[in-house]
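Here is a walk through a two-chain model, written for someone who would rather look at the picture while reading. Keep the viewer open and follow along.

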Amino acid sequence: MAIFVATGGPKKAPKTAASKGKSPRMYPADDVPVPKKSRKATKAAPKVRGSITPGTVVILLSGHFRGKRVVCLKVLKSGLLLVSGPFKINGVPLKRVNPAYVIATSTKVDVSKVSVPASVDDAYFARSEAAASAGEEKFFKGDASKAVVSDQRKADQKAVDAALMKAVGSTPVLKQYLNAKFTLTNNDRPHNMVF
Amino acid sequence: MVFERYVEVGRVALVNYGDSKGELVTIVDVVDGNKCLVDGAAAGGAPRQVISYSRINLTDLKVALGRGAKGKAQKAAWKAAGTQAAWDSSSWAKRLANKKTRAGLNDFSKFKVMCAKKSKSAAVAKKLKSYKK
């Protein structure tokens, strides 16, 4: 009889004494799900090829801005590149790009004076849940809320570009170069070209 | 049409195919109606070889050589005739050199060349217009 009293009710998990190095007095009546421990080591950020360094002018190959020549500012923890057009020159904002989808050129811009705010990291660019789940139904109805660029982003863009524009301006023709789109024409052999 | 460049011993030619492509050679001997023996000893160092006429382009240049002349004689003949300098100053050679330089330019430099070309042609067009009036 005394045994039943000791359990103190059917579904209550007994206090474990594991922290003191003792085994629990009672065996839990219900199975408590414990997440399986992953044995995977935390992966290091993917390596970015040596031709891409902060200041390298890269040519974007996919997405909305394909063909644009932009300046790489740094490599983020995720292994993606942080680039800026600069926005004033070619309309490319601060954004992340996959290095697999860029051509690295040998042209470098001196970005030593460009300081990227510490807040601009991978989380900075992550989409909010609400934006991601805005369904197509809403979209076709036409009442999907338009994406609004936050003031914070505008301020960051301005801060980064101010220094970047100065660096770009110090090399003649570089501004026009960044403004021009990269295209292939007849008889252009990309594998034989020097970037 | 009058021919001015002949396949003959001492004729300088440019190889346009194969391993020695782009190198200058001297015709040392004529094998038959299709092939000749060339040697690049005096210029880029293309090996002595029998080559088809379709794989060489004859130049205006000629050096005084005996039939089957060896490397030493070729070098002396080239030096005496100033062949290398004559070739380098030809517009043909300049065009080839230019082509090579352009191919080695990086993306930004190519863009700068494009800009320079545009401003040049704009200047030319402007001048031309002023003459037309």
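Two strands count as paired if DSSP finds at least two bridges between them. Helices (H or I, at least four residues) and strands (E, at least two) are DSSP runs, numbered from the N terminus. This is a predicted model, where local features need pLDDT of at least 70, side-chain atom pairs count only at pLDDT 80 or more, and totals for chains, interfaces and linings use all residues. Residues are numbered from 1 along each chain as its sequence is written, while chains are lettered from A and ligands numbered from 1 in the order in which they are written.

**The sheets**

Start with chain B, where five strands make an open sheet in the order β4-β3-β2-β1-β5, paired antiparallel. Its edges are β4 (49-52) and β5 (56-62) of chain B, and each pairs on one side only. From one neighbouring strand to the next, the turn averages 45 degrees, direction ignored; the axes behind such angles are lines fitted to C-alpha atoms, for helices over the stretch in contact, and angles run from 0 to 180 degrees between N-to-C directions. Inside the sheet, β2 (residues 24-30) and β3 (residues 35-39) of chain B run antiparallel and are joined by four bridges. One spot to click on is B:Thr26, which sits opposite B:Asp39 in β3(B).

Now chain A: here, too, there is an open antiparallel sheet of five strands, in the order β4-β3-β2-β1-β5. Its edge strands, β4 (95-97) and β5 (102-108) of chain A, have a single partner strand each, so one side of each has no neighbour in the sheet. The twist from strand to strand averages 45 degrees. Three bridges link the antiparallel β3(A) and β4(A), and A:Leu82 has A:Arg96 in β4(A) as its bridge partner.

**The cores**

Which residues touch the most other members of the largest nonpolar core? They are A:Val58, A:Val71, A:Leu73, A:Leu82 and A:Val83, out of 28 residues. A nonpolar core is a set of buried Ala, Val, Leu, Ile, Met, Phe, Trp, Tyr and Cys residues joined through C-beta atoms within 7 Å. Buried means 20 or more other C-beta atoms within 10 Å of a residue's own, exposed means 12 or fewer, and partly exposed is in between, with C-beta atoms placed from the backbone. The largest share of this core, four residues, comes from β2(A). A second core lies apart from it and has 21 residues, including B:Ile27 and B:Ala69.

**A long look at one helix**

α4(B) has 26 residues and spans 37 Å from first C-alpha to last, close to the 38 Å expected at 1.5 Å a residue; the expected span is 1.5 Å times one less than the number of residues. Just two of the 26 residues of α4(B) are buried, so this helix lies largely in the open.

**Backbone oddities**

Two residues other than glycine have a positive phi:

| Residue | Phi | C-beta atoms within 10 Å | Exposure |
|---|---|---|---|
| A:Val173 | near 70 degrees | 14 | partly exposed |
| A:Asn187 | about 70 degrees | 5 | exposed |

A:Val173 lies in the loop between α6 and α7 of chain A, and A:Asn187 is in the segment after α7 of chain A. There is also a cis peptide bond between A:Gly85 and A:Pro86, with omega about -5 degrees. A:Pro86 belongs to the loop between β3 and α2 (87-90) of chain A.
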